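Got your viewer open? Let's walk through this one, one selection at a time.

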Amino acid sequence: MNRGELPSREDVLRLLAGLDGRTRDDVEERIESMELAWLVHQVEQHYGVRVELDEEHFGRMMTVTGAVEVIREVIGAAR
Amino acid sequence: MTTDMTKIELGAVVGPDWVDELLLRGPDDDICLDVDGPVTRAALRAMVAQRQERLAAAGLGAGGSLALRLPPSLAYVANLLAGWRLGAQVVLLDHRLTQFEVDAALDRLAVQVVVSAGRVRSGALRAFADVEDVVTARAGRPAATPHAVIQLSSGSTGPSKVIGRTAADLIAELDRYTRMDGVPLPGERIIVLASMVHVLGLVGALLYGLHAGVRVQPPQRLTGDSVLEAVAADPSPATVLGVPFHIGLLASVVDPPQLPQLKRMTTGGELQPPAVVTAFTEKYGVPLGNMWGMTEVGVIATDLFGEHRPSLRPAFGLAVVERGGELLVSRPESPYVGLSDPDRWADGWLHTRDAGTVDPHTGLVTIKGRLDSQISIGGLKVDLTEVEETLGGLPGVEAAVVVHDSMVTAYVQLAEPATVAQVEAGLAERLAAYKRPRRVHALAAMPRTTTGKLVRDRSVLRDASREER
């Protein structure tokens, strides 16, 4: 994970796994609300950006695939 | 602003007086809430009066029944206090419940007026929402009991338990908070991360804050940076009140700023691993307090200086005893509405369903875990039996077992042509997202004991699922 780069799917899985010490393989594709709050917090910490989500973003972040897309968009726009 | 609660006549607590006297009283320009900007007591009183008119126009009156299905928001606070000022009973429904769950609760409780969220004007992940509150009258009945607040717990047998608390009981809890060493003091702030729809955020932050003259301030968002920004927003001392998940948020903030006004963090809920506690206290250098409570009682015991961890001291006026390995707490009347079960409450003692011990010399209480199938997901209580019964009631499900195996995990035996996707869709209609299994495994045949009972051993279920892949 490099602060200057956009996060990959692997990076997002690693951040989600950090919530409760799971392995990356044990992270489910569906993301629930507490995991989402954790993920947004971790992205802010690791990438130094403020992640402001509108409802459209939020609706797309219910899966890991969607979350990776949105996070890359939001970080890209913030830079 | 604090009133001597021993002087409040019990007869006065059913009308609007207790709300005015214990919660809303204070100088007009006193800032009691800070939600995207300061809210003075005069402004809050005006909001409450306006909501009261709307609720009365919808037919709500003294002894009536009102349900709030709102996320934590100013609209929630104003409608709650307005309902109480009208002398109505207020049912609190978590806004994350599904329509199916809400309809079941409203029908069961025969609520007369419902306030729900219309247009949500704030972004996602906001700690306090900016919502339009929509009032709807229903063909319900007046309150059947004298309780001021009704909450539903995730039920271990059949439907949810209905938990009622009178105004006098809420006042007694406020009194416990007021007498505690280590709670925020008048002129200070509570940065509230716990939901105000549930007992910790409701009484520990909102009601105590209004009563004691402690400014209640949710952060803009529930992220570590946002919580620290809320602390830094004012020089007055600040206590952060949340659930264990929030300790992890703050403990993982990279290079937090110096915050001399941060006084303490207090959480309710399950105990945290020592490593997380150490990470937090080393990073911030302030006490990490711990509280034990339940919806039926509110706060029961505390360790607000983190000096007795993992033990806690019972709060003023409450007795805690251990019987047969279970902790019981004194409660003069049963909190359960329409339920008479001596295994839950009898002779002034409430069964907490928490295993634990009470030190005979110090009186300190140590919690050892749950005795039933209740677990905590981010501070929200989920009873696995409720999840399992809902799952078992879906079409095409022949047998189901739900366990907590680092996450809520379901194993099902399906009748053709049912699929896991259909089962998940059925659950999504009937159960709030936080209650739903993260994983649903279909097995050709559920593991059973020699007498035909479903096996609940997690490793056996895991192996059965692995073998079928």
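The radius of gyration here is taken over C-alpha atoms, and the globule rule is 2.2 Å times the number of residues to the power 0.38. Select chain A: for its 79 residues a compact globule would have a radius of gyration near 12 Å, and chain A agrees because it has 11 Å. Its C-alpha trace spans about 30 × 25 × 15 Å along the principal axes.

Some housekeeping: this is a predicted model, where local features need pLDDT of at least 70, side-chain atom pairs count only at pLDDT 80 or more, and totals for chains, interfaces and linings use all residues. Residues are numbered from 1 along each chain as its sequence is written, while chains are lettered from A and ligands numbered from 1 in the order in which they are written.

Now switch chain A to cartoon. You'll see four helices and zero strands (DSSP runs: H or I of at least four residues, E of at least two, numbered from the N terminus), in the order α-α-α-α.

Next, bring in chain B and look at the contact: 16 residues come from chain A and 18 residues from chain B (in contact means C-beta atoms, placed from the backbone, within 7 Å). On the chain A side, select α2 (33-47) and α3 (55-60), which each supply at least two residues. α2(A) gives the most, with seven residues.

Last stop: residues 386-453 of chain B. An unreviewed UniProt entry places "domain: AMP-binding enzyme C-terminal" there, in the numbering used here, with a shortened name and possibly inferred rather than shown by experiment. The span's end C-alpha atoms lie 19 Å apart, and it is 26% helix and 28% strand.

Terms used: Contact = placed C-beta atoms within 7 Å.
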